[in-house]
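Biologist: Before we discuss the fold, could the sequence and the structure be placed in front of us?

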Amino acid sequence: FNQTMETLYDALVAAGAFAWQQLDDGPHSEAAASPDACANTLRTYCSDDGGLAATRATLETHSVDDWSDATLAERYTAQFLLYRGDYAWIGYDWNGCRVGAYPYPSQWREDFGTPDGWCAEVADGVFQRNWTKATVAWDCHAGDGTIDRLSSV
């Protein structure tokens, strides 16, 4: 199955097309996993050559309830900024037809600048990526991410 799908995706890209299923959903599900599983997964994204994020479009999706929670929105945005490549999307997963309003987290209005390289493991299970206007980090031992906004110069 996987080989067939990769062949199909290659043909789509060669024809200038794209399929939603080609998006890599990133490591966000591993964030809640054990510290070892989290670190092993992030190592596939955080490498000198950009890892998986350098070769795939990535997405970060969560539910309306998650994005409505300021703490979770900060955490998920940090994770997205940590691993995303040049082509990425952040937003909602499928919520059905019953949702009347979609909140817009304040982090989506912020300008974090441009990335200064890829993410890297700066300590055992702790990953960091510098942006021109922020530093983002994910600590697999704590299962949490942070965004350190840099003061204007």
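Biologist: How many disulfides does the structure hold?

Modeller: This is a predicted model. One pair of cysteines is Cys38 and Cys140, with the sulfur atoms 2.1 Å apart. Another pair is Cys46 and Cys119, at 2.0 Å. The number of disulfides in the structure is two.

Biologist: Which parts of the chain does the link of Cys38 and Cys140 bring together, and how far apart are they in sequence?

Modeller: Cys38 belongs to helix H2, whereas Cys140 lies in the loop between S5 and strand S6 (144-149). The link is left-handed, with -65 degrees about the S-S bond. It joins distant parts of the chain, and the separation is 102 residues.

Biologist: Why does Cys38 count as buried?

Modeller: The cut-off for buried is a relative accessible area under 20%. Its partner Cys140 is also buried, with a value of 2%. Cys38 counts as buried because its relative accessibility is 1%.

Biologist: Where do Cys46 and Cys119 lie, and how many residues separate them?

Modeller: Both Cys46 and Cys119 are buried, and their link is left-handed with -95 degrees about the S-S bond. Cys46 is in the loop between H2 and strand S1 (58-62). Cys119 is in the loop between strand S2 (88-92) and strand S3 (120-123), and the separation is 73 residues.

Biologist: What is the pairing of the bonded cysteines when they are numbered in sequence order?

Modeller: The bonds to be placed are Cys38 with Cys140 and Cys46 with Cys119. Numbered in sequence order, the bonded cysteines follow the pairing 1-4, 2-3.

Biologist: Which strands stand at the edges of the four-stranded sheet?

Modeller: The sheet is open and antiparallel, in the order S3-S4-S5-S6. Its neighbouring strands are turned by 30 degrees against each other on average, direction ignored. An edge strand has a single partner, so one of its sides lacks a neighbour in the sheet; the strands in that position are S3 and S6.

Biologist: How many bridges join S5 to S6?

Modeller: On its other side, S5 runs antiparallel to strand S4 (residues 126-130) through five bridges, with Val126 opposite Asp139. Towards S6, Trp138 of S5 stands opposite Gly145. The hairpin of S5 and S6 has four residues between the strands, and there Gly143 takes a positive phi near 65 degrees. S5 and S6 are likewise antiparallel, and the number of bridges joining them is six.

Biologist: Which strands does H4 lie across, and at what angle does it run to S6?

Modeller: Helix H2 also packs on this sheet, touching S3, S4 and S5, with a direction at about 35 degrees to that of S4. H4 lies across S4, S5 and S6, and its angle to S6 is about 80 degrees.

Biologist: Which residues touch the most other members of the largest nonpolar core?

Modeller: In soluble globular proteins, nonpolar side chains tend to be buried together. Here the largest core has 16 residues, and those with the most contacts to other members are Leu42, Leu82, Phe127, Cys140 and Ile147. The elements giving two or more residues to this core are helix H2 (35-45), helix H4 (70-83) and strand S5 (134-139). A second, separate core of seven residues includes Val64, Trp67, Tyr92 and Trp108. For the largest core, the names asked for are thus Leu42, Leu82, Phe127, Cys140 and Ile147.

Biologist: With which residues is Ile147 in contact, leaving aside its neighbours within four places in sequence?

Modeller: Ile147 is one of the core residues that touch the most other members. Leaving aside those sequence neighbours, its contacts are Glu74, Thr77, Ala78, Leu81, Phe112, Ala134, Thr135 and Val136.

Methods. Residues numbered from 1 in each chain as written. Predicted model: local features only at pLDDT ≥ 70, side-chain atom pairs only at ≥ 80, totals over all residues. Heavy atoms only, no water. Core = buried A, V, L, I, M, F, W, Y, C linked by side-chain atoms within 4.5 Å. Buried < 20%, exposed > 50% of the residue type's maximum accessible area, 1.4 Å probe, protein only. Contact = heavy atoms within 4.5 Å. Disulfide = S-S within 2.5 Å. Pairing = 2+ DSSP bridges. Axes fitted to C-alpha atoms, helices over the stretch in contact; angles between N-to-C directions.
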